[in-house]
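Please open the model in your viewer and keep the sequence panel beside it. The stops below are given in the order in which to select them.

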Amino acid sequence: MSETHVRKNPCETNRANPGEEDTRKSLSEQIARASSNKTSQHTNSNESAGRKSLSERIAHANAARVDGAWSTPDEQLVEAERRTPFQVCDVYCAHAEELLAITGQISAALPSRAAYLARTNPRAAEHPDNRSVKAHTQVGNPACTFVWEIRNNKEGALAKSSDAQYAKALDATDALKDLWEDEPWLDELQIAKALIAQIVLLDDDLRTKVLERANLMAKECANTLAPYLRG
């Protein structure tokens, strides 16, 4: 008997491109149906100079992409770009390496935006934005990849997996997909924040402690700023 008769398909509707707005809304519903059926801180001046140099190289590589000068960027550029989102504030920057060690396990298991589009939508993959260094660091939504694999790659590892392996992969997809909040891809800072939020909210002890501290910080800052900024 064909495996497609005994397995739960995570998608029964057409999905041309997971990045399109008209398909995002139904993504959680598709997977939900299937599931229900079965850095240290950067303070050294030399490091700062190194980051600047890497930033310049990233900018140069992004400019070169327009002329099709490369298909896969240098690994050092990709690693530098992975850290770029963490530089928005000191706290994220200080813990970038710790967080990337965690999210790196997820990003290594899933295709990047560039890799996913190169495989599923070659025409879209030719757009300069989808060939940039940044596109090679944005991690694809596992639900999008799962749906595409089961619908289009009949000779792939997922299609040929045992029922037990398939079920386990589906469960893992279901566990991770909510981190993306229906977005087709995220950078690793976004993944880290979503992962930590879920872990905290799902743990009774952690939730109580963290929400109490969050409430105190919010109240103190709000009370201080309201007289001046509320208008």
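The tour goes from the whole chain to salt bridges, then to a pair of helices and a surface patch.

Begin with the whole chain in cartoon view, keeping in mind that this is a predicted model. The protein has 12 helices and 2 strands, and along the sequence these elements follow the pattern α-α-α-α-α-α-α-α-β-α-α-β-α-α. Of its 231 residues, 39% count as buried, while the protein exposes about 14,100 Å², with carbon and sulfur atoms supplying 52% of that area.

Next, select R82 and E188, whose side chains meet in a salt bridge with an N to O distance of 2.5 Å. This pair links distant parts of the chain, since R82 belongs to helix 4 and E188 to helix 11, 106 residues apart. R82 counts as buried because its relative accessibility is 15%, under the 20% cut-off, and E188, at 2%, is buried as well.

Stay in this region and add T84, which is placed in the loop between helix 4 (75–83) and helix 5 (90–94). T84 is partly exposed, with a relative accessible area of 33%, and its C-alpha atom is separated by 9.2 Å from that of L189, although the two residues are 105 apart along the chain.

How many salt bridges does a search of the whole structure find? The search finds 9, and two further examples are worth selecting in turn. E155 and K160 meet through their side chains at 3.2 Å, N to O, in a salt bridge, and both of these residues are exposed. K177 and D174 form a salt bridge at 3.8 Å, N to O; both lie in helix 10 (residues 163–177), 3 residues apart, or about one turn of the helix. Here K177 is buried, with a relative accessible area of 8%, whereas D174 counts as partly exposed at 24%. To see a network, select E79, R82, R83, E97 and E188 together, which are joined into one by salt bridges that share partners.

Now show helix 7 (residues 113–120) with helix 9 (residues 142–152), whose axes come within 12 Å and cross at roughly 20°. That angle makes helix 7 roughly parallel to helix 9, and helix 7 passes helix 9 in a left-handed crossing.

Finally, switch to a surface view and select I199, L206 and V210, which make a nonpolar surface patch of about 230 Å². Of these, I199 lies in helix 11 (residues 188–202) and, at 47% relative accessibility, counts as partly exposed.

Methods: Residues numbered from 1 in each chain as written. Predicted model: local features only at pLDDT ≥ 70, side-chain atom pairs only at ≥ 80, totals over all residues. Heavy atoms only, no water. Helix = DSSP H or I, 4+ residues; strand = E, 2+ residues; numbered from the N terminus. Buried < 20%, exposed > 50% of the residue type's maximum accessible area, 1.4 Å probe, protein only. Areas by Shrake-Rupley, 256 points an atom, 1.4 Å probe, with all protein chains shown as cover. Patch = residues over 30% accessible without salt bridge, like charges linked within 9 Å, V, L, I, M, F, W, Y side chains within 5 Å. Salt bridge = Lys/Arg side-chain N within 4 Å of Asp/Glu carboxyl O. Axes fitted to C-alpha atoms, helices over the stretch in contact; angles between N-to-C directions. Parallel < 35°, antiparallel > 145°, perpendicular 65-115°, else oblique. Left-handed = near helix turned anticlockwise from the far one by under 90°.
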